[in-house]
Amino acid sequence: MKKNFITLNLIGLRCPEPIMMIRKTIRNMKDNQKILVLSDDLSTKRDIPNFCFFMKHTLLKLEIKIKPYRFLLKKGL
């Protein structure tokens with residue numbers, strides 16, 4: 001079965017590295033492609049939703065109760 005998203009494991013990276021890696025990855029994706037981000041950096045709970053808002057991407061799902069945090073993003077709105 002083919003997965004329909006890219007997985008980006010950012011565990012162990014600290015601010016601002018996770019956002020920089022997400023931005024670099026999304027830049028090389030096509031519109032509407034999805035990316036699953038795994039992170040254990042507390043600041044990503046705030047930074048990733050803000051990144052999506054300001055860069056006009058869609059945050060489809062977030063799971064931030066336990067680590068690793070999981071964020072499913074879609075490129076574009």
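**From an exposed lysine to the nonpolar core**

Lys 65 is exposed, with a relative accessible area of 84%. The model is a predicted one, and Lys 65 is placed by it in the loop between strand S3 (58-63) and strand S4. Along the chain, Lys 65 and Lys 45 are 20 residues apart, and their C-alpha atoms are separated by 9.9 Å.

Lys 45 also appears in the surroundings of Phe 71, which touches Lys 45 along with Thr 44 and Ile 48. Other contacts of Phe 71, with residues up to four places away in sequence not counted, are Ile 35, Leu 36, Val 37, Leu 59, Lys 61, Leu 62 and Ile 64. Phe 71 belongs to the largest nonpolar core, a set of 13 residues. It is listed there among the residues with the most contacts inside the core, together with Ile 22, Ile 26, Ile 35, Val 37, Ile 48 and Leu 73. Helix H1 (17-27), strand S2 (34-39), helix H2 and strand S4 (69-74) each contribute at least two residues to this core.

Helix H1 also holds Thr 25. Thr 25 counts as buried because its relative accessible area is 18%, below the 20% limit for that class. Leaving out residues up to four places away in sequence, Thr 25 touches Leu 8 and Ile 35. Ile 35 is also a contact of Phe 71.

Ahead of helix H1 comes a loop that follows strand S1 (5-9), and Cys 15 lies in this loop. The UniProt record, an unreviewed entry, puts the feature "active site" at Cys 15. With a relative accessible area of 46%, Cys 15 is partly exposed, since that class runs between 20% and 50%. Apart from neighbours within four places in sequence, Cys 15 is in contact with Asp 41, Ser 43 and Asp 47. The unreviewed UniProt entry also carries the annotation "domain: UPF0033", covering residues 8-32. Over this stretch the chain is 44% helix and 8% strand, and the C-alpha atoms at its ends are 16 Å apart.

Helix H2 spans residues 44-55 and includes Phe 53. This helix supplies at least two residues of the core, but Phe 53 is exposed, with a relative accessible area of 61%. Exposed means over 50%, so Phe 53, at 61%, falls in that class. Together with Phe 54 and Met 55, Phe 53 makes a nonpolar surface patch of about 370 Å².

Definitions and conventions
Residues are numbered from 1 along each chain as its sequence is written. This is a predicted model: local features need pLDDT of at least 70, side-chain atom pairs count only at pLDDT 80 or more; totals for chains, interfaces and linings use all residues. Side-chain values use heavy atoms; hydrogens and water are left out. Patches are made of residues with over 30% relative accessible area and no salt bridge: like charges are joined within 9 Å, nonpolar side chains (Val, Leu, Ile, Met, Phe, Trp, Tyr) within 5 Å. Accessible areas come from the Shrake-Rupley method with a 1.4 Å probe; for residues, only the protein chains shown count as cover. A salt bridge is a side-chain nitrogen of Lys or Arg within 4 Å of a carboxyl oxygen of Asp or Glu. Helices (H or I, at least four residues) and strands (E, at least two) are DSSP runs, numbered from the N terminus. Buried means under 20% relative accessible area, exposed over 50%, partly exposed in between (1.4 Å probe, protein chains only). A nonpolar core is a set of buried Ala, Val, Leu, Ile, Met, Phe, Trp, Tyr and Cys residues joined through side-chain atoms within 4.5 Å. Contact means heavy atoms within 4.5 Å. UniProt positions are given in the numbering used here, feature names are shortened, and annotations may be inferred rather than shown by experiment.
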